[in-house]
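Got the model open in your viewer? Let's walk through it together, one selection at a time.

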Amino acid sequence: VSQSASCKQFAVSVIIAPQAKSMGAALREVDSRGKIRGDFILVNGDVVSNIKLEPALLAHKKRREEEKNKDAILTMLFKTSHPKQ
């Protein structure tokens, strides 16, 4: 199942792949569907966050543009969660 929405800055495609048991398997599924044509964000379906993605995207693009990192293909974001007790 795939759904798409877009705005001026980006497009969002929701791809449901219940057989994908890891982010790597999900990435292979997305790639096999020919959806990757440039920069993209891969997010697990059970993630809820208010993190601002633009700074990370800009940092990724800057790293990739630097001569020593032209082949940079992946930037991962990690955020510590503090559950209420």
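Start with the lining of the largest pocket: strand 2 (11-15), helix 1 and helix 2 each put in at least two residues. Keep in mind as you look around that this is a predicted model. Which element gives the largest share of that lining? Select helix 2, and you have it: six of the lining residues come from there.

Now widen the selection to the pocket itself. Its lining takes in 47 residues, and the volume comes to about 2,400 Å³. To find the middle, pick Phe40, Ile41, Leu42, Val43 and Leu53, the lining residues that lie nearest the centre of the pocket.

Stay with Val43 for a moment. You'll find Val43 in the loop between helix 1 (23-32) and helix 2 (54-65). Is Val43 buried or exposed? Val43 counts as exposed, because its relative accessibility is 52% and the cut-off for exposed is over 50%.

Val43 also belongs to something on the outside. Add Ile41, Val47, Ile51, Leu53, Leu57 and Leu77 to your selection, and together with Val43 you are looking at a nonpolar surface patch of about 550 Å². Notice the overlap with the previous stop: Ile41, Val43 and Leu53 belong to the patch, and these three are also among the residues nearest the centre of the largest pocket.

Next stop: helix 1. Click on Glu29, which lies in this helix. Glu29 is buried, since its relative accessible area is 19% and buried means under 20%. What does Glu29 touch, leaving aside residues up to four places away in sequence? Show Ala17 and Gln19, and you have the answer.

Leave Glu29 selected and bring up Arg33. The side chains of these two meet in a salt bridge, with 2.8 Å from N to O. How many salt bridges are there in the count? The count comes to one. The partners sit in different accessibility classes: Arg33 is partly exposed at 32% relative accessibility, while Glu29 is buried at 19%.

Now hop over to helix 2, where Ala59 and His60 are found. Colour them separately. Ala59 counts as partly exposed, with 30% relative accessibility, whereas His60 is buried, with a relative accessible area of 11%.

Then add Thr75 and draw a couple of C-alpha to C-alpha distances. From His60 to Thr75 you should get 6.2 Å, although the two are 15 residues apart in sequence. From Ala59 to Thr75 the distance is 8.7 Å, with their positions 16 residues apart in sequence.

Finally, clear the selection and zoom out to the whole chain. What pattern does the chain follow along the sequence? Read it as β-β-α-α, with two helices and two strands in the chain. Switch on the surface, and the accessible area comes to about 8,000 Å², with 54% of it belonging to carbon and sulfur atoms. Buried residues make up 7% of the 85 residues in the chain. As for contacts with a separation of 6 or more, 15% of them are between residues 24 or more positions apart.

If you'd like one last view, go back to helix 2 and show it with the lining of the largest pocket, where helix 2 supplies six residues.

Definitions and conventions
Residues are numbered from 1 along each chain as its sequence is written. This is a predicted model: local features need pLDDT of at least 70, side-chain atom pairs count only at pLDDT 80 or more; totals for chains, interfaces and linings use all residues. Side-chain values use heavy atoms; hydrogens and water are left out. Patches are made of residues with over 30% relative accessible area and no salt bridge: like charges are joined within 9 Å, nonpolar side chains (Val, Leu, Ile, Met, Phe, Trp, Tyr) within 5 Å. Accessible areas come from the Shrake-Rupley method with a 1.4 Å probe; for residues, only the protein chains shown count as cover. A salt bridge is a side-chain nitrogen of Lys or Arg within 4 Å of a carboxyl oxygen of Asp or Glu. Helices (H or I, at least four residues) and strands (E, at least two) are DSSP runs, numbered from the N terminus. Buried means under 20% relative accessible area, exposed over 50%, partly exposed in between (1.4 Å probe, protein chains only). Contact means heavy atoms within 4.5 Å. On a 1 Å grid over the protein atoms alone, a cavity is a set of points where a 1.4 Å probe fits but cannot get out, and a pocket is an open set with protein on both sides within 12 Å along at least five of seven lines; lining residues have an atom within 4 Å of a point. Grid points are joined across faces, edges and corners, and a volume is the space filled by probe spheres set on the points.
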